[in-house]
Amino acid sequence: VGVALSDMLCPDQGNLCVWPGSHIFSQTHSRWPDAKFRRPCGWDRGDGPLPDLGQPVQLRLCAGDLVLAHCELAHCGGPLLGPDIRYMTYFRVKHRDWRSMHEAAQFREDMWCDFQGLRTALNGE
């Protein structure tokens, strides 16, 4: 969960950048349990570049806007070309049984296992 504390209404104001759908890519192309991505010649930094996810989307946010994103969504801070500091705060939300779910490798097959209510809403159940 991210909360914008300042306006980022135009590009290149230190906007939060995301790669929409990259959480699905992460789930299918990363190794369990260390989350390393497959590179051209292996799994380690010296084995080639990371997969190309394309161009990120710079989110345009007003102070007070909330961003709810899966932890596997690729994201980064964008360039800050203006004179103002960009302020945002982040919170990590975990299921109360997260540790036991992780130890049981439930996340390997179901990236939404710890968000039952959200999964229901996404699937229209």
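These are legends for a set of close-up views of a predicted model.

**Figure 1. The whole chain, with its 4 helices and 6 strands.** Start with the full protein before zooming in. From the N terminus on, the elements run β-β-α-β-β-β-β-α-α-α. Along the principal axes, the C-alpha atoms fill a box of roughly 45 × 40 × 25 Å. Of the 125 residues, 24% count as buried. Take the contacts with a separation of 6 or more, and 70% of them turn out to join residues 24 or more positions apart.

**Figure 2. An open sheet of 3 strands, in the order β3-β2-β5.** The pairing here is antiparallel. The edges belong to β3 (57–58) and β5 (75–77), each of which pairs on one side only. Zoom in on β2 (residues 16–18) and β5, and you find 3 bridges between them, in the antiparallel sense. One pair to pick out is Cys 17 with its bridge partner in β5, Cys 76.

**Figure 3. Leu 16 and its surroundings in strand β2.** Is Leu 16 buried or exposed? Its relative accessible area is 6%, so Leu 16 is buried. Not counting residues up to four places away in sequence, Leu 16 touches Met 8, Val 57, Gln 58, Leu 59, Val 67, His 75, Cys 76, Met 88 and Tyr 90. Among these contacts, Val 57 and Gln 58 are the residues of edge strand β3, while His 75 and Cys 76 sit in the other edge strand, β5. Gly 77 is worth a look as well: its C-alpha atom lies 4.9 Å from that of Leu 16, although the two residues are 61 apart in sequence.

**Figure 4. The buried side of helix α1 (residues 22–29).** Ser 22, His 23, Ser 26 and Gln 27 are the buried residues to look for here. Why do they share a side of α1? They cover an arc of only 145° around the axis, which puts them on the same side of the helix. The spacing fits a familiar rule: an α-helix has 3.6 residues a turn, so residues three or four places apart point the same way. What the buried residues of α1 pack against is α3.

**Figure 5. His 23, a close-up within helix α1.** With a relative accessible area of 16%, His 23 falls under the 20% cut-off and so counts as buried. Which residues does His 23 touch, once those up to four places away in sequence are set aside? They are His 70, Glu 72, Leu 73, Met 111 and Trp 112. Keep His 70, Glu 72 and Leu 73 in mind for the next view, where they are among the residues closest to the centre of the largest pocket.

**Figure 6. The largest pocket, with about 1300 Å³ of space.** There are 41 residues lining this pocket, and the closest to its centre are His 70, Cys 71, Glu 72, Leu 73 and Arg 92. Which elements each supply at least two residues of the lining? The list is β2, α1, α2, α3 and α4 (116–123). Helix α1 gives the largest share, 4 residues. Sorted by class, the lining has 27 nonpolar, 8 polar and 6 charged residues.

**Figure 7. Two loop residues with positive phi, Asp 12 and Ala 105.** Neither one is a glycine: phi is near 65° in Asp 12 and near 60° in Ala 105. Asp 12 sits in the loop between β1 (2–4) and β2, and Ala 105 in the loop between α2 (98–103) and α3 (106–109). How do they stand for accessibility? Asp 12 is partly exposed, with a relative accessible area of 27%. Ala 105 is partly exposed too, at 22%.

**Figure 8. Phe 91, in the loop between β6 (88–90) and α2.** Leaving aside its neighbours within four places in sequence, Phe 91 is in contact with Val 1 and Val 3. Of these, Val 3 belongs to strand β1. For a sense of scale along the chain, include Ala 104 in the view: it comes 13 residues from Phe 91, and the two C-alpha atoms are separated by 25 Å.

Notes:
Residues are numbered from 1 along each chain as its sequence is written. This is a predicted model: local features need pLDDT of at least 70, side-chain atom pairs count only at pLDDT 80 or more; totals for chains, interfaces and linings use all residues. Side-chain values use heavy atoms; hydrogens and water are left out. Two strands pair if DSSP finds at least two bridges between them. Buried means under 20% relative accessible area, exposed over 50%, partly exposed in between (1.4 Å probe, protein chains only). Contact means heavy atoms within 4.5 Å. The arc is that of the directions from the helix axis to the C-beta atoms. On a 1 Å grid over the protein atoms alone, a cavity is a set of points where a 1.4 Å probe fits but cannot get out, and a pocket is an open set with protein on both sides within 12 Å along at least five of seven lines; lining residues have an atom within 4 Å of a point. Grid points are joined across faces, edges and corners, and a volume is the space filled by probe spheres set on the points. Ala, Val, Leu, Ile, Met, Phe, Trp, Tyr, Cys and Pro count as nonpolar, Asp, Glu, Lys and Arg as charged, and the others, Gly among them, as polar.
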